[in-house]
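User: Could you walk me through reading a few features of this structure? I'd like the general idea first and then the case at hand.

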Amino acid sequence: MRGWWQWLRRRSEQRALARRSIPDALWQLTLARYPFLAQRDEAALAELRRLSSLFLDSKEFSGAQGLPVSDDMAVAIAAQACLPVLRLGLRCYDSFVGIVVHPDEVRVRREFVDDDGVAHEYDDVLVGEAMEGGPVMLSWRDVSEAGESAEWGYNVVVHEFAHVLDMGDGLADGIPPLADKAERGRWQVVLTDEYEAFCARVDAGEDTLLDPYGAESPEEFFAVASEAFFVAPQHMRGEHPALYALLAGYYRQDPAVG
Ligand SMILES: [Zn+2]
């Protein structure tokens, strides 16, 4: 049965790859626009291109506020979204289908009830959002500027998809699904140490490679650390060697080496 099942899966993958193959010129353009992708070795790039085709085939893109989502926009998003799961596989993204692309950041009205039972409303500005069960929302302006913003470790696609991975065990807590309890314990120790040290630096007004927004919570810290890990890996390894090693183990990648 297993052999039969694998054969079926391989065949459906072959069909998806044929349906959604990314033309050479468009792939080269994507690598040129997002140099942090191009820095990977040949084998990694071939796998990234394969996963991106499968991603395009299995996800549904829609533009908000009348924004048309062109092929090159979809490929740009697919390639950046597949980077974190290059070695983990696309099944990590099985929990959702929709990707909603807004032209720019989105202002949303939030409400919360405080400890005294008083309701408050405030405006929140989003460049991306990942919700359990999807969809993933992205601001195209931020996605399109990812080539330039990589220099300061910023990447909205990696950020939101790191949240998707984090929620893979049903909890957004900065701890993605891990092999066992021991690994979970190790993760907690390193993440907590790094998070606390980071919050202290942010409070002291220091310049940090990681987005100060990471001081919001451990889950935001995991997401911003993942951004820098993939788009500014040498810098990230220099500033946070222990955190870099933790992420390299989880993602099964060493982007600082290529
Ligand atoms: Zn976030």
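Analyst: Happy to. Let's start with a cysteine: at 29% relative accessibility, Cys92 counts as partly exposed, where buried means under 20% relative accessible area, exposed over 50%, and partly exposed in between (1.4 Å probe, protein chains only). Keep in mind that this is a predicted model, in which local features need pLDDT of at least 70, side-chain atom pairs count only at pLDDT 80 or more, and totals for chains, interfaces and linings use all residues. Residues are numbered from 1 along each chain as its sequence is written, and side-chain values use heavy atoms, leaving out hydrogens and water.

User: How many disulfides are there?

Analyst: A disulfide is a pair of cysteine sulfur atoms within 2.5 Å. By this rule the count is zero. Cys82 is in no disulfide, its nearest cysteine sulfur being that of Cys92, 11 Å away. Is Cys82 then buried or exposed? It counts as buried, because its relative accessibility is 0%.

User: And which residues coordinate the zinc ion?

Analyst: Donors are N, O and S atoms within 2.8 Å of the metal (3.2 Å for Na, K and Ca); water is not among the atoms, so sites may look incomplete. Here His159 and His163 each give NE2, and Glu220 appears twice through OE, at 2.0 to 2.8 Å. Along the chain, the donors follow the spacing H-x3-H-x56-E. The pair of His159, in helix H8 (residues 156-166), and Glu220, in helix H10 (residues 218-231), links distant parts of the chain, 61 residues apart. Helices here are DSSP runs (H or I, at least four residues), numbered from the N terminus. Both His159 and Glu220 are buried.

Key:
Helices (H or I, at least four residues) and strands (E, at least two) are DSSP runs, numbered from the N terminus.
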